[in-house]
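Trainee: Please pick one part of this structure and take me through it closely, from its surroundings down to single residues. Give the cut-off behind each term as you go.

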Amino acid sequence: MANESQGVAGSSNARSMSIIVTKGSLDWAYPPFILATTAAAMGVDVTMFFTFYGLPLLLKKLDLQVTPLGNPAMKMPMMGMHMGMPNIVGMIPGVDAAASRMMKNLIKKKGVASIEDLREAAVESDVKMIACQMTMDLFEYDLKDMIGGIQLGGAATYMEGALKADINLYI
Amino acid sequence: MADQTLDAKGLNCPLPILRAKKALKDMATGQTLEIIATDPGSIPDFEAFCRTTGNQMLESKQDGNLYKFLIKRTA
């Protein structure tokens with residue numbers, strides 16, 4: 001009970017970290033899950049607060065995509081070089097799917113964990129996951145479509161824990 | 001000889017650390033875990049992991065393309 005009422009990280013004497021997860025594309029999903037799982041492995045109490053476009057990362061079935069649109073820094077290794085993509089090319093239908101496929105192939109080839117694996121590791125290591133109630137309403141998500149073990153909460157729930165946390169990140 | 005060996009070859013950040021933590025969790029205090037990795041980033045990462053968690057790094061060495069660590073569970 002005591003732990004539940006605390007909402008966000010800070011339920012024990014361990015050091016704690018909170019992460020606000022606001023983005024749900026394949027590339028942006030990595031930093032929060034890498035840091036959350038690693039921190040948990042280092043004995044840190046971790047809370048992830050999923051809001052806006054980060055919220056769908058809690059859906060049972062993930063199909064994450066990446067887009068080169070508006071992302072001039074996105075360069076993929078290709079034929080021994082690094083190739084970017086002009087926005088006008090990125091707008092062509094099918095380019096996002098191709099870029100996503102290419103990145104997923106690289107991820108597999110380089111021994112990088114999938115987001116599904118990292119999320120499972122986060123659940124296993126007791127990372128607390130809070131779904132933003134307002135975003136659930138706004139974008140019409142249903143808790144039954146999301147993975148188990150998550151809680152619902154709002155800004156005050158986040159703030160209560162964040163005020164006590166050693167590290168607070170917004171990603 | 002280590003009590004347990006973890007093959008982390010081909011795995012990239014943060015998987016070697018996550019797998020090592022998983023292995024250490026099921027070991028008794030005082031037991032040793034050998035980790036064999038190919039990720040060069042695992043050198044600073046395992047050092048930081050040990051400093052932060054209080055587990056003891058007994059050995060850290062490079063053997064060709066392999067990075068070998070010997071960690072004693074003390075935490």
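Mentor: Among contacts in chain A between residues at least 6 apart in sequence, 76% join residues at least 24 apart; a contact here means that two C-beta atoms, placed from the backbone, lie within 7 Å. This is a predicted model, in which local features need pLDDT of at least 70 and side-chain atom pairs count only at pLDDT 80 or more, while totals for chains, interfaces and linings use all residues. Residues are numbered from 1 along each chain as its sequence is written, and chains are lettered from A and ligands numbered from 1 in the order in which they are written.

pLDDT is the predictor's confidence in each residue, from 0 to 100. Chain A averages 90, with 92% of its residues scoring at least 70. Over residues 1-7 of chain A the pLDDT stays under 50, and the model has eight contacts beyond four places in sequence for that stretch. Where pLDDT is low, the predicted coordinates should not be read in detail.

Chain A has seven helices and seven strands, in the sequence order α-β-α-β-β-β-α-α-α-β-α-β-α-β. Helices (H or I, at least four residues) and strands (E, at least two) are DSSP runs, numbered from the N terminus.

The part I would take is strand β5 of chain A, residues 128-132. Five of its five residues are buried, so the strand is largely enclosed by the rest of the structure. Buried means that 20 or more other C-beta atoms lie within 10 Å of a residue's own; with 12 or fewer it is exposed, and in between partly exposed, the C-beta atoms being placed from the backbone. In a regular strand the side chains alternate between the two faces of the sheet. Here both faces are covered, with K128(A), I130(A) and C132(A) buried on one side and M129(A) and A131(A) on the other.

β5(A) pairs in the parallel sense with strand β2 (residues 45-50) of chain A over four bridges, and with strand β6 (residues 151-153) of chain A, also parallel, over three. Pairing requires at least two DSSP bridges between the strands. I130(A) takes part in both pairings: F49(A) is its bridge partner, and Q151(A) in β6(A) stands opposite I130(A). From β5(A) the chain crosses through helix α6 (residues 133-138) to β6(A) in a right-handed β-α-β crossover. Right-handed means that, with the strands pointing away from the viewer, the path from the first strand over the helix to the second runs clockwise.

On the β2 side, F49(A) is in contact with S18(A), I20(A), V21(A), I130(A), C132(A) and Y158(A), leaving aside neighbours within four places in sequence. V46(A) lies in β2 of chain A and counts as buried because it has 28 C-beta neighbours inside 10 Å.

F49(A) and V46(A) also belong to the largest nonpolar core, of 51 residues, where they are among those touching the most other members, as are A36(A), A40(A), M48(A), F50(A) and I35(B). A nonpolar core is a set of buried Ala, Val, Leu, Ile, Met, Phe, Trp, Tyr and Cys residues joined through C-beta atoms within 7 Å.

Beyond β2, F52(A) lies in the loop between β2 and β3 (76-78) of chain A. Its phi is near 45°, a positive value in a residue other than glycine. F52(A) is partly exposed, with 16 other C-beta atoms within 10 Å.
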